[in-house]
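Biologist: I would like to understand how the descriptive words used for a protein model are earned. Could we go through them one at a time, setting each value against its definition?

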Amino acid sequence: MTQATAPTRATGVEMTHRQILEALSGLLLGMFVAILSSTVVSNALPRIITELKGGQSAYTWVVTSTLLATTATTPIWGKLADLTSKKILVQLSLTIFVLGSVLAGLSQSTEQLIACRVLQGVGAGGLTALAQVIMATMIAPRERGRYSGYLGAVLALGTIGGPLIGGAIVDTSWLGWRWCFYVGVPFAIAALVVLQKTLHLPVVKRQVKIDWWGATLITAAVSLLLIWVTLAGDKYDWLSWQSAVMVTGAVALGVLAVRVENRASEPMIPPRLFRNRTITLAVVASIAVGVGMFGASVFLSQYFQISRGASPTMSGLMTMPMILGLLVSSVVVGRIITRTGRWKRYLVAGSALLTAGFALMGTIRYDTPYWHLAIYMALIGLGLGMTMQNLVLAVQNTVDTHELGAASSVVAFFRSLGGAVGVSVLGAVLGHRVKDYIADGLTALGIPASSSGSGGVLPDVHSLPGPIRTVVESAYGHGAGDIFLAAAPFGLIALIAVIFIKEIPLRQHTGDALTDTVAQEESTVAAGGGAAVARTGTRD
């Protein structure tokens, strides 16, 4: 029996390469919608915040709110995927995401926009968790690298197309930035139709038990921590009674969440998973990758538009080296992993490239030659393409079928958590550094700091007088370099974590780890093969 027609041990059906692609088509289209809706906004965000009269804090929270909602709900979606219909769940998450997008387009203030972005994050949490779970259900770990490459290609396509489409929309006077939120609706409807026709998975009939207390406490702890980071140094000092109360409260909520998770029958984040060395180290690496990926790269559009005076469309074009690097590495490395079954060397190489890319980006200023930026961004893209999907793959290869949802969502959860913390922390750092750089620059010109005209609102550099514009561009350029430099140590943490992960060759089947081990011995131990089949037959 060939790999192309081998029965998947999770579904009990034979699926050819074509059948798998047909089943994944709607899922990939749904992922494209989520990515497109996110990246379309990225280049429009500086314009959106300026028109809605928001400041750096609002800019940060428009991104953080989505990541926080994604982080909080990813484990819930992952747990539901272990307990009920994955097809219905992915359709529901897509519907929620589209609803949040439409409402975001109707926002009249930054507060309304942030609230709608939370709803988007709930849907994105489902798409993030379920895409990995469904792929793991249908495709053996050894073959999954090949299909992860397709997922990486869709990721790259949405990431490339989004900024370009978003820039064009913002720069078109008769459309405006609100259409950035509407443009994904037709694709979403198409995804729902395709999913209904092509995605057919067995439904696991078990009683659904969601650990709502655990989810609430985890969300509350993370939210309180992010609120503290965002406001500290602005509304109150870092060393103050407000800081003490919020940090103590976040720690207390976290401890209580751990206690609840240890006692829950169906915990959101099963503590037993962390007894697995691979999962623990992959989580550490995912947090670090999330900090760097979201926390630093989310401010690239702001850098290009404010520091370099680029239009939203041009800003999208200028990020192409990073996206092309991600596309190439995810597709090529995915195919190599499928052919060889080896994955650790690519995690190590990707983490090293990520660290080097962030460190080099830490040297940028407003007048850095673009070809330097292109090289640095390409390194970051190559590193992300090698690490993002393969960290999930390494974890899925070590767990049983009935825990695929929980294990996959744990990695996605901590990556999103790292991203939310990274955006919040680095956004706060950027705001403080820019404020200081502007004050220093204006003082050197003998001009009061208030003359920058920003008043806490993101500036429109095109409307500023020449000398002040140069000061503002320089401040944002230097600040962007600072946050990339701050992200570099997190890439190093990811590198150290993946070095200590023990490489286990990818399994040939989608069944339990124990089942697969027995299956590999079928040629010599007939009884073991029978036991494997017996155990598999009762799984679904």
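**Cores, surface and helices**

Modeller: This is a predicted model, and in its largest nonpolar core, which has 141 residues, Leu-24 and Met-361 touch the most other members. Helix H1, spanning residues 17–51, gives the most to this core, with 16 residues.

Biologist: What makes Met-361 a residue in contact with Leu-300 and Phe-484?

Modeller: Contact means heavy atoms within 4.5 Å, and, leaving aside neighbours within four places in sequence, Met-361 meets this with Leu-300, Leu-373, Tyr-376, Met-377, Ile-380, Gly-481 and Phe-484. There is also a second, separate core of six residues, which includes Trp-228, Val-229, Ala-232 and Tyr-236.

Biologist: Why is Ile-496 called partly exposed?

Modeller: The relative accessible area of Ile-496 is 44%, and since buried means under 20% and exposed means over 50%, the value lies in between, so Ile-496 is called partly exposed. The place of Ile-496 is in helix H17, residues 466–499.

Biologist: What makes Ile-496 eligible for a nonpolar surface patch?

Modeller: A patch takes residues with over 30% relative accessible area, and Ile-496, at 44%, therefore passes that cut-off. Together with Leu-492, Ile-499 and Phe-500, Ile-496 makes a nonpolar patch of about 380 Å².

Biologist: How much of the protein chain is buried?

Modeller: Buried residues make up 57% of the 540 residues in the protein chain, while the accessible surface comes to about 21100 Å², of which 67% belongs to carbon and sulfur atoms. The chain has 19 helices and zero strands.

Technical notes
Residues numbered from 1 in each chain as written. Predicted model: local features only at pLDDT ≥ 70, side-chain atom pairs only at ≥ 80, totals over all residues. Heavy atoms only, no water. Patch = residues over 30% accessible without salt bridge, like charges linked within 9 Å, V, L, I, M, F, W, Y side chains within 5 Å. Areas by Shrake-Rupley, 256 points an atom, 1.4 Å probe, with all protein chains shown as cover. Salt bridge = Lys/Arg side-chain N within 4 Å of Asp/Glu carboxyl O. Helix = DSSP H or I, 4+ residues; strand = E, 2+ residues; numbered from the N terminus. Buried < 20%, exposed > 50% of the residue type's maximum accessible area, 1.4 Å probe, protein only. Core = buried A, V, L, I, M, F, W, Y, C linked by side-chain atoms within 4.5 Å.
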